[in-house]
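Me: I'd like a close look at a single part of this protein: the ligand pocket and the sheet next to it in the chain. Could you walk me through that region, starting from the annotated positions and working outwards?

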Amino acid sequence: MSLKAGIVGLPNVGKSTLFNAVVENGKAQAANFPFCTIEPNVGTVAVPDPRLNVLSDLSKSQRAVPASIEFVDIAGLVKGASQGEGLGNKFLSHIREVDSILQVVRCFEDNDIVHVNGKVDPQSDIDVINLELIFSDLDQIEKRLEKLRKGKAKDSQSKLKEEAEKSALERIQGALMDGKPARSVALSDFEKDAVKHLCLLTIKPVIYVANVSESDLASPENNPHVKEVMNLASQLQSGLVAISAQVESELTELPSEERTEYLKSLGVSDSGLGNLIRATYNLLGLRTYFTSGEKETKAWTILAGMTAPRAGVIHSDFEKGFIRAETVSYDDFVAAGSLAAAREKGLIFRVRRFVKDRRIGVVRVLLDNLISKDHGCSEGESPKFVAFPVRNPAGEPMGILNIGVAKLNGVFHQEIPKFLSLDFALDHRRLMGSETVARA
Ligand SMILES: Nc1ncnc2c1ncn2[C@@H]1O[C@H](COP(=O)(O)OP(=O)(O)OP(=O)(O)O)[C@@H](O)[C@H]1O
Ligand SMILES: [Mg+2]
């Protein structure tokens, strides 16, 4: 599975220039006229990680494969896109397909480069894009809510999920009407899952990329446009990276010995791309796990909170046939020296299927390494999420599972995640997914 980051923004702000710089052998056409890009350009970016080589040496692997993210260079959006302006709806559908958004905001002054609205104005640029995404989401939510209210949502998997979806969508609708993105609404994991199928545009995590001129590279924060983007980014629960797409694309054209010289002449020591890739990776809630053996050591990218079988989607038919995964933390593995040694020391953690108890309102969780415990639930008209503490065999708390329970039309419904999230399994080492070796 490859996660996609979409490069989005007004026309002619430097999206394709950035794409060409960040993607190996990127060849998107970048030129000084609006709507230069129509069809999306797609390219792969490797995520550097020193742990890969350590593991590869330990396992004597024949090759090491880094994690990667796909970047998608999308056509420029203009005001009215949600009503079909420009190539509106088509462009919006390209954004729908990505997991996260890098929004390029023009912060460089250059009279020769056309700005579609006549002047450099980050606040207005960001507003235009946000409004179009908001309108598109509102449209979709209205249609969906009508279906749900009329009981015509035949695709829903359970009453509980339907209720959760409705309640979440109503709250998101309220936020959108206030001009706020869907990601500003606090949703439980269960609600997030219930609305996921809509692929809402404003729920996707965003990083604002302030595209500055080469003269601002040494201290971008002194540029008032960048300051403005900084403020907006924090109001909109988003990240920020300042970069010069122009400089980065010129750097890729230079032989490596000349790059350092060029950067030095601009008053900086490093290219901004590593920073951008890492920020994309981290801010978008991505995690790495490794598989390591003689054939290869490989870093895989997953979303935080993704369940083990989903994470295994990389081996495509894995999810359905999933029985269990064994994981060990990176530090434990490296210290033990091998999987066998780690197993002997009891450092391996197994992720298994949950077992659902049929008794009304009672949920039982059965897991290796976990003590199972019954949990009663209270009645209520709207779904309740019962926090279910999970303890290890020594009785130490290991985390909380949120389990949804509701009484609807006199019948209890319960919804528990079918699988333990991989992150959760890794949490027991307090190391999170980014520090883990997994073997399926
Ligand atoms: N930081 C920068 N400083 C100066 N010029 C820049 C900078 N970034 C990009 N440009 C210039 O802006 C112009 C537009 O760039 P580009 O084609 O990448 O925009 P785009 O956002 O992909 O446009 P479109 O939406 O039309 O596809 C190019 O001439 C490029 O060289
Ligand atoms: Mg372009």
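Reply: Here is a walk through that part, from the annotated positions out to the sheet and its helices.

One thing up front: this is a predicted model. For the wider setting, the protein chain comes to 15 helices and 17 strands. It has 440 residues, of which 39% count as buried. Among contacts between residues at least 6 apart in sequence, 65% join residues at least 24 apart.

Let's start with the record. An unreviewed UniProt entry places the feature "binding site" at Asn12, Val13, Gly14, Lys15, Ser16, Thr17 and Val212. Two of those positions are worth a closer look.

Take Asn12. Its place is in the loop between β1 (3-8) and α1 (15-22). Is Asn12 buried or exposed? Asn12 has 21 other C-beta atoms within 10 Å, and 20 or more is what it takes, so Asn12 is buried. Setting aside neighbours within four places in sequence, Asn12 is in contact with Asn32, Phe33, Pro34 and Gly76, and also with Ile113, Val114, His115 and Val116.

Thr17 sits in helix α1. With 24 other C-beta atoms within 10 Å, Thr17 is buried too, because the cut-off is 20 or more. Once residues up to four places away in sequence are left out, Thr17 touches Ala30, Ala245, Gln246 and Ser249.

Now for ligand 1. There are 26 residues around ligand 1, and those that come nearest are Gly14, Ser16, Thr17, Thr37 and Gly76. The elements giving two or more residues to this shell are α1 and α8 (245-253). Helix α1 gives the most, with 3 residues. As for chemistry, the shell around ligand 1 divides into 12 nonpolar, 12 polar and 2 charged residues. Looking back at the record, Gly14, Ser16 and Thr17 are listed in the "binding site" feature, and these three are also among the residues that come nearest to ligand 1.

While we're at α8, have a look at Glu253, which is found in that helix. Glu253 has 10 other C-beta atoms within 10 Å, and 12 or fewer counts as exposed, so that is how Glu253 is classed. Glu253 and Gly43 are 210 residues apart along the chain, and their C-alpha atoms are separated by 18 Å.

On to the sheet. In what order do the strands of the open sheet of 6 strands run? The order is β2-β4-β1-β5-β6-β7, and the pairing is mixed. The edges are β2 (41-47) and β7 (239-243); each has a single partner strand, so one side of each is left without a neighbour in the sheet. On average, neighbouring strands here are turned by 25 degrees against each other, ignoring direction.

β1, the strand before the Asn12 loop, has a partner on either side in that order, β4 and β5. On the β4 side (residues 67-73), 5 bridges join the two strands, which run parallel. Lys4 stands opposite Glu70 there. On the β5 side (residues 100-106), 4 bridges do the joining, and those strands run parallel as well. In that pair, Gly6 stands opposite Ile101.

Over at the β7 edge, 5 bridges join β6 to β7, again running parallel. The bridge partner of Asn211 in β7 is Ile243. Helix α4 (residues 122-149) packs on the sheet and touches β1 and β5; the direction of α4 makes about 145 degrees with that of β5. Helix α7 (residues 224-235) lies across β5, β6 and β7, running at about 160 degrees to β7.

Finally, two backbone oddities in loops. Lys60 is not a glycine, yet has a positive phi of about 50 degrees. Lys60 is found in the loop between α2 (51-58) and β3 (63-65), and is exposed, with 10 other C-beta atoms within 10 Å. Cys199 also has a positive phi of about 50 degrees without being a glycine. Its loop runs between α6 (189-195) and β6 (206-211). Cys199 is partly exposed, with 16 other C-beta atoms within 10 Å.

How values were computed:
Residues are numbered from 1 along each chain as its sequence is written. Chains are lettered from A and ligands numbered from 1 in the order in which they are written. This is a predicted model: local features need pLDDT of at least 70, side-chain atom pairs count only at pLDDT 80 or more; totals for chains, interfaces and linings use all residues. UniProt positions are given in the numbering used here, feature names are shortened, and annotations may be inferred rather than shown by experiment. Two residues are in contact if their C-beta atoms, placed from the backbone, lie within 7 Å. Two strands pair if DSSP finds at least two bridges between them. A residue is near a molecule or strand if its C-beta atom, placed from the backbone, lies within 6 Å of it. Ala, Val, Leu, Ile, Met, Phe, Trp, Tyr, Cys and Pro count as nonpolar, Asp, Glu, Lys and Arg as charged, and the others, Gly among them, as polar. Axes are lines fitted to C-alpha atoms, for helices over the stretch in contact, and angles run from 0 to 180 degrees between N-to-C directions.
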